[in-house]
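Q: Let's go through this one term by term, with each label set against its cut-off. Please put the model up and begin with the vocabulary.

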Amino acid sequence: MPRAAFGQVTRMLRALLRGATAGAAATTALNAVTYLDMVMRGRPASEMPEQAVEKLAADTGVDMPGEGEFREHRVEGLGPLLGIATGVGLGVAAATVRPLLVRLPPLIGAAVVGGGAMAASDLPMTRLGLTDPKQWSPADWASDVLPHLAYGLVTVGVLRQLGDRRSGGE
């Protein structure tokens, strides 16, 4: 492989790893804010991830293996795994536009990324018929906006810190 092509592949892999790292850290922040909200308000965990797994399986004709509790536990595990995959994937997507993100003021970049993450999770749930944001209360909106803002803040922060060595992190 020519040296220039090797350098290009290396840069691309670094960007993917930066994005995956940012997405994983941001997903942890989103989950922490969500769990803190559950503790503070005494609210139950959302059943939306499991409902999404069930609906997607039904809509695509995929049979979830197992019966009874074994099947339920698989569904309970797949819901959060889909959330993690979404969070890491969105971090990779954010890394592809990193040069634009780091030029924005940090809070604006965080709002853009957090809003994108919110849309990436809420739009599919709405299209699946599992939720209707038009019916949400202010508390419902807060419990969705705040974790996604945390996601955006951490994503942008990590991407800023994991910048190219040549540019001193930026």
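A: Helices here are DSSP runs of H or I with at least four residues, strands are runs of E with at least two, and both are numbered from the N terminus. This is a predicted model, in which local features need pLDDT of at least 70 and side-chain atom pairs pLDDT 80 or more, while totals for chains, interfaces and linings use all residues. Residues are numbered from 1 along each chain as its sequence is written, and side-chain values use heavy atoms, with hydrogens and water left out.

Q: How many helices and strands does the protein chain have?
A: There are six helices and zero strands, and from the N terminus the order reads α-α-α-α-α-α. The C-alpha trace spans about 55 × 40 × 25 Å along its principal axes.

Q: What makes the largest pocket a pocket rather than a cavity?
A: On a 1 Å grid over the protein atoms alone, a cavity is a set of points where a 1.4 Å probe fits but cannot get out, whereas a pocket is an open set with protein on both sides within 12 Å along at least five of seven lines. The largest pocket has a volume of about 1300 Å³, that is, the space filled by probe spheres set on grid points joined across faces, edges and corners. Its lining comprises 40 residues, of which Leu-30, Ser-46, Met-48, Pro-49 and Ser-121 are the closest to its centre; to count as lining, a residue needs an atom within 4 Å of a point.

Q: Which helices supply at least two residues of that lining?
A: They are helix 1 (3-41), helix 2 (48-60), helix 3 (68-96), helix 5 (106-127) and helix 6 (138-161). Helix 3 gives the most, with eight residues. By class, the lining has 22 nonpolar, 12 polar and six charged residues, where Ala, Val, Leu, Ile, Met, Phe, Trp, Tyr, Cys and Pro count as nonpolar, Asp, Glu, Lys and Arg as charged, and the others, Gly among them, as polar.

Q: Why does Asp-37 count as buried?
A: Buried means under 20% relative accessible area, exposed means over 50%, and partly exposed lies in between (1.4 Å probe, protein chains only). Asp-37 has 17% relative accessibility, so the buried label applies. This helix 1 residue is in contact (heavy atoms within 4.5 Å) with Gly-42, Arg-43 and Ser-143, leaving aside neighbours within four places in sequence. Across the protein chain of 170 residues, 30% count as buried.

Q: And why is Thr-27 buried?
A: Its relative accessible area is 9%, which puts Thr-27 under the 20% cut-off. Thr-27 also sits in helix 1. Beyond four places in sequence, Thr-27 touches Gly-83, Ile-84, Gly-87, Val-88 and Tyr-151. The side chain of Thr-27 reaches the backbone oxygen of Gly-23 at 2.7 Å.

Q: How do you know that Thr-131 and Trp-136 are joined by a polar contact?
A: A polar contact is a pair of N or O atoms within 3.5 Å; within protein, one must be able to donate a hydrogen and the other to accept it, and residues adjacent in sequence count only if both atoms are side-chain atoms. The side chains of Thr-131 and Trp-136 meet at 2.8 Å, so the distance test is passed. Thr-131 lies in the loop between helix 5 and helix 6, and at 16% relative accessibility it counts as buried. Besides Trp-136, Thr-131 touches Met-48, Asp-122, Met-125 and Thr-126, again setting aside residues up to four places away. Thr-131 and Met-48 are 83 residues apart along the chain, yet their C-alpha atoms are separated by 8.4 Å.

Q: What makes the largest nonpolar core a core?
A: A nonpolar core is a set of buried Ala, Val, Leu, Ile, Met, Phe, Trp, Tyr and Cys residues joined through side-chain atoms within 4.5 Å. The largest has 12 residues, among them Ala-22, Leu-30, Ala-94, Val-113, Tyr-151 and Val-156. Helix 1, helix 3, helix 5 and helix 6 each give two or more residues to this core, and helix 6 has the largest share, four residues. Val-156 touches Pro-106, Gly-109, Ala-110 and Val-113, not counting residues up to four places away.

Q: Why is Gly-114 buried?
A: Gly-114 has a relative accessible area of 5%, so it too falls under 20%. Placed in helix 5, Gly-114 touches His-148 and Gly-152, leaving out residues up to four places away in sequence.
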